[in-house]
Amino acid sequence: MPPAHPFDDDKLKEECGVFGVIGVADAANFVALGLHALQHRGQEAGGIVSHDPVEGFNSARRFGYVRDNFTSQSLMQTLPGPLAIGHVRYSTAGSKGAAIRDVQPFFGEFAMGGAAIAHNGNLTNADALRRELIERGSIFQSSSDSECIIHLMARSLQRNIPERMEDALRRVEGAFSIVAMTRTKLIGVRDPMGVRPLVLGKVGDGWVLSSETCALDIIGAQLVREIEPGEMVVISEKHGVESVRPFRPQPAKFCIFEHVYFSRPDSIIGGRSVYETRRQIGVELARETPVEADLVCPVPDSGTPAAIGFAHESGIPFGMGIIRNQYMGRTFIEPTEQIRNMGVRLKLNVNRALIEGKRVVLVDDSVVRGTTSRKIKEMILDAGAAEVHFRIASPPTAWPCFYGVDTPQREKLLAATMTEEEMRQHLSVDSLKFISLDGLYRAVGEAGGRDNNCPQHCDACFSGEYPVIPSDMIQKGFQLKAAE
Ligand code: SF4
């Protein structure tokens with residue numbers, strides 16, 4: 001399956017997007033459009049479940065892009081009804097490059113009717129739960145952590161599906177933004193810390209749940225509000241939106257990396273445009289890490305807003321020194337080191353006329369393994385740049401994410417094994433600087449920076465401070481940061 005980002009092998013990857021609609025004719029068509037707008041959150045596979053009062057539940061799950069599957073009239077005709085949910089995935093905690101049985105939404109038939117769920121996030125106690133459920137007789141169909149929720153719902157003694165879901169979710173730990181459905185209800189839930197996003201929208205007489213607001217725009221829906229951390233909304237055509245709080249309140253820990261990279265720049269998070277936040281990150285970065293240079297270039301596309309902010313604040317001219325080939329399609333990308341290195345050149349080219357003889361500041365969103373940063377630096381120097389300075393719009397990524405983002409093992413993260421100066425030498429650049437955690441917090445709207453006693457966001461991949469203990473991983477030998 002092709003990556004969506006030009007250096008996808010050297011980026012953290014969001015693993016899922018979820019979308020659901022109730023109260024419109026042919027809801028599955030809206031879901032397909034919504035999933036298309038969320039494709040950046042997962043490109044491996046997608047699925048839709050719909051319900052029609054006459055036809056009952058129907059589902060379709062496919063590998064590949066939404067546009068290549070869910071635009072076929074013959075397929076969409078099999079998904080009738082006014083209620084539908086969908087999911088796009090990179091991969092969840094299950095196996096990668098997995099079987100179709102791992103593709104969500106998952107469906108369960110209960111005594112009181114069927115239910116389907118689509119999950120964005122990752123459960124940190126899924127291994128332990130799975131062992132327990134299997135010992136008690138559950139038969140798992142997939143390798144996904146999300147399936148635990150269906151089995152826990154099956155074991156609940158509550159009388160209706162939303163209450164069974166509450167029961168199930170009180171047993172799980174980790175990150176979850178869930179869109180689910182019964183025959184008559186659309187359900188949305190966020191974990192008590194609200195690690196992953198989920199928003200509520202209105203389209204005509206119907207309601208929408210979506211990972212991001214950009215997917216509301218594509219169907220002409222209006223943003224109503226974010227689902228709050230720890231909130232469950234149950235939406236029906238009869239009763240509208242009903243809200244419950246099934247969990248013990250906890251401090252919110254929204255993923256700060258959504259602001260930096262995962263979310264689309266045209267989405268709104270916490271009332272702020274993601275684009276504007278990224279531009280502000282560039283402003284903070286320029287203040288914190290000034291440099292004498294002639295040109296500020298983004299590493300396209302995700303580094304662009306931060307580069308604009310950096311150029312504006314520093315007064316150094318902005319230019320597109322690296323041009324991305326938009327039409328690479330799905331060719332050439334194979335997971336070998338040799339092809340991976342070629343991949344950068346195939347997807348990007350240097351604007352030699354602009355770069356030649358200049359001291360260039362390259363602004364990128366993150367450094368993960370550093371393989372592509374090295375390649376880009378070589379391309380810029382080959383084009384005749386006098387100096388190369390990297391400015392990174394996130395702090396060093398030194399810890400893996402266990403909350404629904406695909407991260408290399410800790411040893412593969414450049415910042416896990418090297419100091420900033422060692423990374424600079426490794427990349428052979430004139431300077432390398434990252435935004436500070438405080439600077440990042442200021443850019444996302446926390447004027448006083450990070451509250452070190454109770455951080456306002458999850459920032460574990462930078463700080464090593466995990467708001468939810470990754471108990472399965474500790475069981476497998478992962479070592480938490482030693483207390484300072
Ligand atoms: S560890 Fe990083 S990527 Fe994962 S949820 Fe926390 S901030 Fe986001």
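1. The side chain of Ser-210 comes to 2.7 Å from the backbone oxygen of Glu-212, and this should be read with the caution that the model is a predicted one. Ser-210 itself belongs to strand β11, which covers residues 206-210.

2. As to its surroundings, Ser-210 has a relative accessible area of 0% and is therefore buried, the cut-off being under 20%. When its neighbours within four places in sequence are left aside, the residues in contact with Ser-210 are Val-18, Phe-19, Leu-38, Leu-198, Val-199, Ala-215 and Leu-216.

3. Helix α5, made of residues 147-155, is largely enclosed by the rest of the structure, because 7 of its 9 residues are buried. Those buried residues are Glu-147, Cys-148, Ile-149, Ile-150, His-151, Leu-152 and Met-153.

4. Turning to what encloses this helix, the cover over the buried residues of α5 includes the strands β6 (106-110), β7 (113-120) and β8 (177-181), together with the helices α4 (126-135) and α6 (161-171).

5. At the surface, Phe-318, Met-320 and Ile-323 make up a nonpolar patch of about 240 Å². One of these residues, Met-320, is placed in the loop that runs between α10 (304-314) and β19 (322-324). Met-320 has a relative accessibility of 34%, and so it counts as partly exposed, whereas Ser-210, at 0%, is buried.

Key: Residues are numbered from 1 along each chain as its sequence is written. This is a predicted model: local features need pLDDT of at least 70, side-chain atom pairs count only at pLDDT 80 or more; totals for chains, interfaces and linings use all residues. Side-chain values use heavy atoms; hydrogens and water are left out. Patches are made of residues with over 30% relative accessible area and no salt bridge: like charges are joined within 9 Å, nonpolar side chains (Val, Leu, Ile, Met, Phe, Trp, Tyr) within 5 Å. Accessible areas come from the Shrake-Rupley method with a 1.4 Å probe; for residues, only the protein chains shown count as cover. A salt bridge is a side-chain nitrogen of Lys or Arg within 4 Å of a carboxyl oxygen of Asp or Glu. Helices (H or I, at least four residues) and strands (E, at least two) are DSSP runs, numbered from the N terminus. Buried means under 20% relative accessible area, exposed over 50%, partly exposed in between (1.4 Å probe, protein chains only). A polar contact is a pair of N or O atoms within 3.5 Å; within protein, one must be able to donate a hydrogen and the other to accept it, and residues adjacent in sequence count only if both atoms are side-chain atoms. Contact means heavy atoms within 4.5 Å.
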